[in-house]
Structures are given as structure tokens and as C-alpha cells.
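This briefing covers the fold and the charged side-chain pairs of one protein. Please have the sequence and the structure open while reading.

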Amino acid sequence: MHAMTASLEKTDGEMVRAYRSGDRQAYDALVRKHFGVVYAVAYARLRNRETAEDLAQEVFVRAYLFLGKLDDPERYGPWVCRIARNLALDWLRRGQHASKVLPMVNLDDHADALRDTKTPEPGHALAQQEEQSLLLRAVDRLPAEQREMVLLHYMEQLSQGEIAERLGVHRTSVCRQLNQSLKSMRGWLEPALRA
């Protein structure tokens with residue numbers, strides 16, 4: 001466990017270079033570090049949990065296959081986010097709901113790294129589930145760009161600066177979009193929560 005914590009403290013560039021030097025666990029650490037963000041981007045666009053998980057796994061397979069072409073290893077995080085956004089848009093255009101790549105690739109070597117590590121624990125109270133359901137419906141009503149930023153900020157706890165870097169937008173745009181999202185969601189949720 002200590003080795004896993006230590007690998008998560010390394011920069012993306014250090015982990016990419018370690019993998020290129022033969023450390024197979026370094027790529028697993030990259031996947032663990034970025035899976036939640038990639039999943040949030042996929043879910044924001046696709047609005048389906050299973051489809052988003054499938055897309056996130058395909059993103060990491062594609063990143064793995066093209067890791068040698070990544071010029072700046074320190075930009076691994078923004079790079080996989082861009083792959084996720086582009087792939088999600090492709091899937092939406094094609095009406096695709098599952099990966100066509102994953103069945104062609106042997107995932108046994110990286111099965112642990114590609115698995116969603118943020119599975120919620122069972123046993124939430126009914127009231128919590130109802131509130132979460134209301135919140136998810138409100139998030140789902142947001143435009144895709146705002147939904148993406150809300151999920152990255154609140155689900156993955158990325159700062160506005162980190163979101164701006166990952167998505168390739170200006171920080172003030174992230175701030176404006178988050179504020180607009182919260183205002184919209186508040187308007188949708190207040191009547192339901194009062195009831």
C-alpha cells in the first residue's frame with residue numbers, strides 16, 4: 001500500500017518516464033490517479049454510468065497504446081481528458097453505447113488499473129438516496145460543458161485552475177460556468193426540496 005501511495009505522489013511525467021523505462025506498475029498508478037476525472041468527463045457527456053465506465057476504460061487503453069507519442073509527459077492528465085472528450089463526442093455522434101476497442105484488447109494485464117476504484121459503498125439511507133437522485137437530475141439538466149465542470153469540481157474535487165488546465169479553457173470561464181450552474185441547479189432544486 002505504501003508503494004501505491006508513493007506512486008500517486010509522483011508527477012505524471014515521472015510516472016510516464018518510469019513506465020517507458022520498464023516499470024509496468026507506473027501506468028497502473030496513472031490510471032488510478034486519473035480514472036475519476038476521465039469518468040466524470042465521460043459521464044458529463046454520455047449521461048449513462050455503464051457507458052461512461054466503458055468509455056473511460058477505452059480512453060486508458062488508447063492512452064496506453066499511444067503513450068509513446070505523448071511529447072510532454074507532464075501533460076498526461078490534460079491529454080487523457082482531451083481523449084475522453086473527443087471520444088465521448090464521437091460516441092454521441094455515432095449513437096455508440098459500448099466500446100468496440102475493448103473486446104479486441106487483452107485487458108488481463110491491466111484489469112486492476114482499469115477498474116472503477118470509486119464504487120460507492122452500499123447501505124445509504126433512503127433520504128440520502130432521494131436527495132442524490134434530485135441532485136443528479138439537476139446536474140443532468142445542465143448543458144454538457146457545465147455538467148462536465150460541476151462533476152470535475154464537486155465529484156473529483158478539482159480546483160477551478162485544475163479544471164481550466166485539464167479542459168484547455170480560461171479559469172474565469174470555469175468560474176463563470178460553475179456559478180451559472182449552481183444558480184440554475186438552485187432554482188431547480190429549491191422547490192423540490194421544499195416539497
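Is Glu58 buried or exposed? Glu58 counts as buried, because its relative accessibility is 2% and the cut-off for buried is under 20%. The model is a predicted one. The points below start with the overall fold and then turn to the salt bridges.

**Overall fold**

- The protein contains 10 helices and 0 strands.
- In sequence order, the pattern reads α-α-α-α-α-α-α-α-α-α.
- The chain has 195 residues, and 43% of them count as buried.
- Among contacts with a sequence separation of 6 or more, 68% join residues that are 24 or more positions apart.
- About 11,400 Å² of the protein is exposed, and 50% of that area comes from carbon and sulfur atoms.

**A pair within helix H4**

- The whole structure holds 9 salt bridges, and one of them joins the side chains of Arg62 and Glu58 at 2.7 Å, N to O.
- Both residues sit in helix H4 (residues 49–65), and because they are 4 residues apart, about one helical turn separates them.
- Arg62 is partly exposed, with a relative accessibility of 31%, whereas Glu58 is buried at 2%.

**Pairs between helices, centred on Glu148**

- The side chains of Arg45 and Glu148 form a salt bridge with an N to O distance of 3.3 Å.
- Arg45 belongs to helix H3 (residues 24–46) and Glu148 to helix H8 (residues 144–155), so this pair ties together parts of the chain that are 103 residues apart in sequence.
- Glu148 also meets the side chain of Arg85 in a salt bridge, at 2.8 Å, N to O.
- That second pair links distant parts of the chain as well, since Arg85 lies in helix H5 (residues 76–94), 63 residues from Glu148 in helix H8.

**Burial of these charged residues**

- Glu148 is buried, with a relative accessible area of 0%.
- Arg45 counts as buried at 9% relative accessibility.
- Arg85 has a relative accessible area of 19% and is therefore buried, as the cut-off is under 20%.

**The network**

- Arg45, Arg85, Glu145 and Glu148 are linked in a network of salt bridges.
- Within this network, Glu148 pairs with Arg45 and with Arg85.

Methods
Residues are numbered from 1 along each chain as its sequence is written. This is a predicted model: local features need pLDDT of at least 70, side-chain atom pairs count only at pLDDT 80 or more; totals for chains, interfaces and linings use all residues. Side-chain values use heavy atoms; hydrogens and water are left out. Helices (H or I, at least four residues) and strands (E, at least two) are DSSP runs, numbered from the N terminus. Buried means under 20% relative accessible area, exposed over 50%, partly exposed in between (1.4 Å probe, protein chains only). Contact means heavy atoms within 4.5 Å. Accessible areas come from the Shrake-Rupley method with a 1.4 Å probe; for residues, only the protein chains shown count as cover. A salt bridge is a side-chain nitrogen of Lys or Arg within 4 Å of a carboxyl oxygen of Asp or Glu.
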